[in-house]
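Student: Could we go through this model together, moving from its overall fold to individual residues?

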Amino acid sequence: VFISYQWNQKSIAKNLQESFELKGYLVIRDENTLSNNSRIKDFMKIINHPKLDYVLVIISSSYLKSKNCMYEVNQIMKRFKWEETLLPYVVSQDVNANAKIYGGIK
């Protein structure tokens with residue numbers, strides 16, 4: 001399980017990671033894998049891990065506004081059959097049709 005989240009939701013991501021690991025799942029999360037001098041583009045290569053079957057996206061207003069999070073979603077959608085493997089987890093009530101989503105992916 002790859003967990004994609006905005007750092008404001010670190011505690012939620014950590015709790016979900018622990019729950020998945022207790023069930024025997026391999027969990028990949030940037031905080032456990034990404035070093036301080038790593039780049040997001042290099043980190044996202046990990047989504048090709050052969051045991052990675054699901055992506056849990058912790059969606060919040062801050063997630064939708066984050067350039068790095070939108071990059072992750074873009075890469076996830078290229079790699080996965082996201083209709084079958086994406087697990088959305090909405091944590092913020094302000095995520096709705098009027099949310100201002102980051103618009104600069106190139």
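The questions and answers below concern a predicted model.

Student: In what pattern do the helices and strands follow one another along the sequence?
Tutor: The protein has 6 helices and 4 strands. Read from the start of the sequence to its end, these elements give the pattern β-α-β-α-α-β-α-α-α-β.

Student: Which strands are the edge strands of the sheet?
Tutor: The 4 strands form an open sheet with parallel pairing, and their order in it is E2-E1-E3-E4. An edge strand pairs on one side only, and this applies to strand E2, residues 28-29, and to E4. The edge strands are therefore E2 and E4.

Student: How many bridges join E3 to E4?
Tutor: On one side, E3 pairs in the parallel sense with strand E1, residues 2-4, over 3 bridges, and Val-57 of E3 is there the bridge partner of Ser-4. Towards E4, Leu-56 stands opposite Leu-87. E3 and E4 also run parallel, and the number of bridges that join them is 5.

Student: Which residues of E3 are buried on each of its two faces?
Tutor: In a regular strand the side chains alternate between the two faces of the sheet. E3 is mostly covered, with 5 of its 5 residues buried, and the cover extends to both faces. On one side the buried residues are Val-55, Val-57 and Ile-59, and on the other they are Leu-56 and Ile-58.

Student: Which elements each supply at least two residues of the largest nonpolar core?
Tutor: The largest nonpolar core has 12 residues in all, among them Phe-2, Ile-28, Val-55, Val-57, Ile-59, Tyr-63, Leu-64, Cys-69, Met-70 and Ile-76. A second, separate core has 8 residues, including Val-1, Ile-3, Val-27 and Ile-58. For the largest core, the elements that each supply at least two residues are strand E3 (55-59), helix H4 (61-64) and helix H5 (67-79).

Student: Which residues does Cys-69 touch, leaving out those up to four places away in sequence?
Tutor: Cys-69 is one of the residues of the largest nonpolar core, as is Tyr-63. With residues up to four places away in sequence not counted, Cys-69 touches Tyr-5, Gln-6 and Tyr-63.

Student: Is Gln-9 buried or exposed?
Tutor: Gln-9 lies in the loop between E1 and helix H1, which spans residues 10-22. Not counting residues up to four places away in sequence, Gln-9 touches Ile-58, Ser-60, Ser-62 and Val-91. Because its relative accessible area is 9%, and the cut-off for this class is under 20%, Gln-9 counts as buried.

Student: Why does Leu-86 count as partly exposed?
Tutor: Leu-86 lies in strand E4, residues 86-90, and together with Met-77 and Trp-82 it makes a nonpolar surface patch of about 250 Å². Buried would require under 20% relative accessible area and exposed over 50%, with partly exposed in between. Leu-86 counts as partly exposed because its relative accessibility is 30%.

Student: What share of the contacts with a separation of 6 or more comes from residues 24 or more positions apart?
Tutor: Of the 106 residues of the protein, 37% count as buried, and the accessible surface comes to about 7,000 Å², 49% of which belongs to carbon and sulfur atoms. Among the contacts with a separation of 6 or more, the share that residues 24 or more positions apart account for is 78%.

Methods
Residues are numbered from 1 along each chain as its sequence is written. This is a predicted model: local features need pLDDT of at least 70, side-chain atom pairs count only at pLDDT 80 or more; totals for chains, interfaces and linings use all residues. Side-chain values use heavy atoms; hydrogens and water are left out. Patches are made of residues with over 30% relative accessible area and no salt bridge: like charges are joined within 9 Å, nonpolar side chains (Val, Leu, Ile, Met, Phe, Trp, Tyr) within 5 Å. Accessible areas come from the Shrake-Rupley method with a 1.4 Å probe; for residues, only the protein chains shown count as cover. A salt bridge is a side-chain nitrogen of Lys or Arg within 4 Å of a carboxyl oxygen of Asp or Glu. Buried means under 20% relative accessible area, exposed over 50%, partly exposed in between (1.4 Å probe, protein chains only). A nonpolar core is a set of buried Ala, Val, Leu, Ile, Met, Phe, Trp, Tyr and Cys residues joined through side-chain atoms within 4.5 Å. Contact means heavy atoms within 4.5 Å. Two strands pair if DSSP finds at least two bridges between them.
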